[in-house]
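Subject: A structure for you to look through

Hi there,

Here is the structure I promised to pass on to you. Please open it beside this email, and follow along as you read.

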Amino acid sequence: MASATLAAPRQGAATSRTRNNGWIWALPPVAALAVVFLYPLFLVGRQSLTPDTGGTSLEPYADVFASGAFREALGTTVWLAVGSTVGCLVLGLALALIVAFVPFPGAKAVARFIDVFLSFPSFLITLALLFVYGQVGMANGLWTDVTGAATGPFQFLATPWGVLLAEITYFTPFVMRPLLAAFSQVETAQLEVAASLGARPARIVRQVILPEALPALAAGGSLVLVLCLNEFGIVLFTGAKGVTTLPTLVYSKAILESDYPGACVVAVVNVLVSVGLYGLYRVVSRRART
C-alpha cells in the first residue's frame, strides 16, 4: 500500500516533467514559424490598413472592393480553382484506378513517373502545352502547313479554358499520388469475392474501392484547391491577358502600379478565400465520408 502511495506522486512528477519538456521542444518550431510566416503576414495586414496618405484607415479596402478589376479577379480565381479541383478529382480517380487495378506493361514505371512529376515546376508543364497548342505551336503549325491558312484553330490557351487545362494537367498527379497509396492498401481478396458474386467493375469501384479512397480523395482535392487558389506561374506563362486572378492582381498592383496598400489588401483577401474554401471543402468531404 505504501509503495503504491509513493508511486502515484512519482508518476505525476514524471508526467509533469514530460509536459514541460514538450513545451521546450515546441518552442523552436513555433518561433521559426512566427519569424518566417506569422510576422510577414502581420506586416502585410498592417500595410493593408496604411494608405499612402499615412495613418491607419480602411480606405485601401474600400478602394479595392469598389474596383471592377478586383471583383472580376476574385470570381475568376474561385471558379478556376473549383473547376480545376473537380477536373483533377475526376481525371485523377480514373487514372489512378487504371494504374492500380488494370494490368498493363509499365504500370510500375507510370507510378514512379507520377512521383517525379510532382517535383516539376508548374511553368514547365505550361511551356510544354504552349509548344503543342500555342499560336506558333506544333498543332497550329501542322494545320497551317496542310491547309495553307494564315493561323491555326487552336487559340484556347490564351483563354480561361487554357488556364483550366494547364492547371488540371499539372495538378492531377497531386490527386493520383494519395489515391495510389490508398489503393495499395485495398485487399485483392475483397475484389475477388465481389467479382465472384457477380458484381460488375462499376459496382466494385462504387461499393468496395471508392469508400476506401474517399479520405485520400479528400486530401488530394483539398491540396489541389489551395494550390490552384494561389497559382501564379501557370496564369503568367499561358499568356492569357484577359485572365486576372488574385495572385496576378497582387503582382500587378505591387510591381506595375506601385500600389502596395492595394496589393496587400488583395493578398489578405486571397489568404481569407483560400482558408475559407479549404475549410468548406474539408467540411463537405468529412460529411461525405460519414
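Let's begin with threonine 172: apart from its neighbours within four places in sequence, this residue is in contact with Cys88, Leu91, Gly92 and Leu95. Keep in mind as you look that this is a predicted model. Threonine 172 sits in helix H7, which covers residues 160-183. Is threonine 172 buried or exposed? Its relative accessibility is 3%, and because buried means under 20%, threonine 172 counts as buried.

Now zoom out to the whole chain. There are twelve helices and zero strands, so if you read along the sequence you will meet the pattern α-α-α-α-α-α-α-α-α-α-α-α. The chain has 290 residues, and 34% of them are buried. Take the contacts in the chain with a separation of 6 or more: 71% of them come from residues 24 or more positions apart.

Next, have a look at helix H5, residues 122-133. You can do a little check here: at 1.5 Å a residue, its twelve residues should span 16 Å, and the end C-alpha atoms are 17 Å apart, which agrees. Which residues of H5 are buried? They are Ser122, Ile125, Thr126 and Leu129. If you look down the axis of H5, these buried residues fall within an arc of 100°, so they line one face of the helix. The elements covering them include helix H4 (107-117), H7 and helix H10 (233-238). H7 is also the helix that holds threonine 172.

Helix H6, residues 138-147, lets you try the view again. Its buried residues are Ala139, Asn140 and Thr144. Seen down the axis of H6, they fall within an arc of 130°, so they too line one face of the helix. What do the buried residues of H6 pack against? They pack against H5. On the face turned away from the buried side of H6 you will find the exposed residues Met138, Leu142, Asp145 and Val146. Just after H6 comes glycine 148, which takes a positive phi of about 80°.

Finally, the pockets. The largest pocket has a volume of about 220 Å³. It is lined by 13 residues, and those closest to its centre are Leu236, Ala240, Val243, Thr248 and Tyr251. H10 and helix H11 (246-256) are the elements that give two or more residues to this lining. Which helix gives the largest share of the lining? That is H11, with five residues. Sorted by class, the lining of the largest pocket has eight nonpolar, four polar and one charged residues.

The second largest pocket has a volume of about 170 Å³. Its lining is made of Val99, Ala100, Phe101, Ala107, Lys108, Ala111, Arg177, Leu180, Phe183 and Ser184. Helix H3 (68-101), H4 and H7 each supply at least two residues of that lining. By class, the lining of the second largest pocket has seven nonpolar, one polar and two charged residues. To see how the parts of this tour join up, find H4 and H7 once more: both help to cover the buried residues of H5, and both give residues to the lining of the second largest pocket.

Enjoy exploring!

Best wishes

Key: Residues are numbered from 1 along each chain as its sequence is written. This is a predicted model: local features need pLDDT of at least 70, side-chain atom pairs count only at pLDDT 80 or more; totals for chains, interfaces and linings use all residues. Side-chain values use heavy atoms; hydrogens and water are left out. Helices (H or I, at least four residues) and strands (E, at least two) are DSSP runs, numbered from the N terminus. Buried means under 20% relative accessible area, exposed over 50%, partly exposed in between (1.4 Å probe, protein chains only). Contact means heavy atoms within 4.5 Å. The expected span of a helix is 1.5 Å times one less than its number of residues. The arc is that of the directions from the helix axis to the C-beta atoms. On a 1 Å grid over the protein atoms alone, a cavity is a set of points where a 1.4 Å probe fits but cannot get out, and a pocket is an open set with protein on both sides within 12 Å along at least five of seven lines; lining residues have an atom within 4 Å of a point. Grid points are joined across faces, edges and corners, and a volume is the space filled by probe spheres set on the points. Ala, Val, Leu, Ile, Met, Phe, Trp, Tyr, Cys and Pro count as nonpolar, Asp, Glu, Lys and Arg as charged, and the others, Gly among them, as polar.
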